[in-house]
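Notebook open, structure loaded. I want to go from the overall build down to single residues and jot down what I find.

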Amino acid sequence: MTPARIPKAPHALPVVGHVAALAVSPLGFLASLRPMGDLVQISIGRHPAYVVNSPLLIRQMLVERPGSFDKGMMFDKLRDFLGNGIGMSGGELHRTQRRLMQPAFHRHRISEYVEVMARSADEAVAAWPVNRPIAVEDEFSTVTLSVIARTLFRTELAAGAIAELQQAIPVALAGVMRHAIIPSKVLERIPTPGNIRCARAMKRTRQVVTDLIASYRASGADHGDVLSLLLTARENEDGRGMSDEQIHAEIMTILLAGIETSSCVLAWLFLELSRNPDIEARVLAEIEQVVGADQISAGHLPQLDILRRSVSETLRLHHPNWLVMRRTTEPVALGTAELPAGAEILFSPTTLHTDPGLFEDPLRFDPDRWLPDRAPERAEAKYIPFGAGTRQCIGDTYALAEVAVIAATVLKRWQLTGSPAKRRPVVALTVHPRGLRLTPVRRPQRPVRVEEVHR
């Protein structure tokens, strides 16, 4: 099947193509394409792009033939904010950076980070108001920023930088995805209030990170944090390390994933737990039995099975990354289609994970679908919370630990109540619940009954 014979999405507009549909109702538009076939052509401005709906074709791209695909158009735009870090780079640079950064995400390092995560999370959530509604997304952004910043940077200088990053990063991120799908750079340069705020926030964020790198270089000390590891990382062959520019890009990438994505997952997780008190009771009983009055540690995490499955289910039902793009580096046979070099390809983990043809009752929050005896729903090809293959997220273990530690810390101290019956997802850089407000109610201490955990 040639590109000319691939089914085309209807209702493309002159000049902008399907950009308007992606901007107005991105999830609805992408979901509407799934019944049209494994591969559907859309238009990004005047340029054709191909939406992949088949999990087998996604696996073909990510696992079986990764060398034939590189990052796509969206990542070209994201580099303006994040730099050419591990999340944006391709080819040999990506392979080199992955080797250099891997020690920062080694299992024993994650264990050390968990202690920092737990202390930071406990301090942050202890300050929540009792019996007064909170803006859940804002609060979790504060918590995740505190957690990620204290694992990235452990110096006194970092304490002041955290407050600045807290102000600048959300503003910058709000404009990033809008820029990523705008087909023309001319529109990005129009001095609208949103563009001006985004540019200022991006400039401030870059400056804060640049100052931190400079202070670490000047001190020459190993602070036992991620930035110290990046500064001392060396290639085996020639002993070269990363430039300040490359370290800056990696720090920006980690900040994005560690704050925006994790806070989004936590917001959806607590919305679902507030809607499903029976599941929340099981998760809480498990935490009380495993952790008790102690601070959560790395040794506790493997034992928190119900919590782990609840996080997995949140990543399925509310996957934050609604759009991933690739570009062919050579002519490629994708299924029965023949695509030329330079073809832009899109797929949506969010709509993939909620496809009724792939998951039973896909809109129901059901952590037990991840039990070992429910193998069909665990199939790798249709569940890709962190991607797959050589481009699988290097920080997946870190991210899962971060979400689990924060969730367990909150659940031990608070019950978040007052969830609405429905919550419309809002699509920006990630998919998040619009204006979610829940009320923290202090939990009474009570004995744990084993049957609560296992029922």
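**Entry 1: burial and overall build**

I started with burial: 54% of the 455 residues in the chain count as buried. Note to self that this is a predicted model, so everything below is read off a prediction.

Next I looked up the secondary structure and got 17 helices and 12 strands.

Then I checked the overall dimensions. The C-alpha atoms fill a box of roughly 65 × 55 × 45 Å along the principal axes. The radius of gyration is 22 Å, and a compact globule of 455 residues would come out near 23 Å, so the chain agrees with that expectation.

I also asked how far apart in sequence the contacting residues are. Counting contacts between residues at least 6 apart, 74% join residues that are at least 24 apart.

**Entry 2: surface and charge**

The exposed area of the chain is about 19,900 Å². Carbon and sulfur atoms supply 55% of that area.

For charges I have 54 positive and 49 negative, and their mean positions sit 5 Å apart.

**Entry 3: salt bridges**

How many salt bridges does a search of the whole structure find? I got 20, and I followed up a few of them.

I took Arg150 and Glu123 to begin with. Their side chains meet in a salt bridge, 2.9 Å from N to O. Arg150 is in helix α7 (residues 136–152) and Glu123 is in helix α6 (residues 107–126), so this pair ties together parts that are 27 residues apart in sequence. I checked burial for the arginine too: Arg150 has 31% relative accessibility and so counts as partly exposed.

Then I moved to Asp305, which has two arginine partners on my list. With Arg308, the closest N and O atoms are 2.4 Å apart. With Arg309, the closest N and O atoms are 3.0 Å apart. Arg308 lies in helix α14 (residues 305–317) together with Asp305, 3 residues away, which is about one turn of the helix. Arg309 is 4 residues from Asp305 in helix α14, so that pair is also separated by about one helical turn.

Are the residues of this little group buried or exposed? Asp305 is partly exposed at 28% relative accessibility, and Arg308 is partly exposed as well, at 41%. Arg309 is at 5%, and because buried means under 20% relative accessible area, Arg309 counts as buried.

Salt bridges with shared partners extend the group into one network of Arg282, Asp305, Arg308, Arg309 and Asp368.

**Entry 4: Ser310, in the helix I was already looking at**

I stayed in helix α14 and clicked on Ser310, which lies there. Ser310 has a relative accessible area of 0%, so it is buried.

What is Ser310 in contact with, leaving aside its neighbours within four places in sequence? I noted Leu269, Ile279, Val283, Phe365 and Pro367.

**Entry 5: Pro349**

Pro349 is in helix α15 (residues 349–352). With a relative accessible area of 3%, Pro349 is buried.

I looked up its surroundings, again leaving aside neighbours within four places in sequence: Pro349 is in contact with His319, Asn321, Trp322, Leu323 and Val324. For Val324 I also pulled the backbone separation. The C-alpha atoms of Pro349 and Val324 are 7.7 Å apart, although the two residues are 25 apart along the chain.

**Entry 6: backbone angles before α1**

Last stop was the segment before α1 (19–24), where His11 lies. Phi of His11 is near 70°, a positive value in a residue other than glycine. His11 is at 71% relative accessible area, and since over 50% means exposed, His11 counts as exposed.

Val15 belongs to the segment before α1 too. Its phi is positive, about 70°, and Val15 is not a glycine either.

**Page recap**

My main notes: the radius of gyration agrees with a compact globule, and 54% of residues are buried. The salt bridge I would show on a slide is Arg150 with Glu123, since the pair ties together parts of α7 and α6. Beside that I would put the network joining Arg282, Asp305, Arg308, Arg309 and Asp368.

Conventions
Residues numbered from 1 in each chain as written. Predicted model: local features only at pLDDT ≥ 70, side-chain atom pairs only at ≥ 80, totals over all residues. Heavy atoms only, no water. Helix = DSSP H or I, 4+ residues; strand = E, 2+ residues; numbered from the N terminus. Rg over C-alpha atoms; globule rule 2.2 N^0.38 Å. Buried < 20%, exposed > 50% of the residue type's maximum accessible area, 1.4 Å probe, protein only. Contact = heavy atoms within 4.5 Å. Areas by Shrake-Rupley, 256 points an atom, 1.4 Å probe, with all protein chains shown as cover. Lys, Arg positive; Asp, Glu negative; His and termini not counted. Charge placed at Lys NZ, Arg CZ, Asp CG, Glu CD. Salt bridge = Lys/Arg side-chain N within 4 Å of Asp/Glu carboxyl O.
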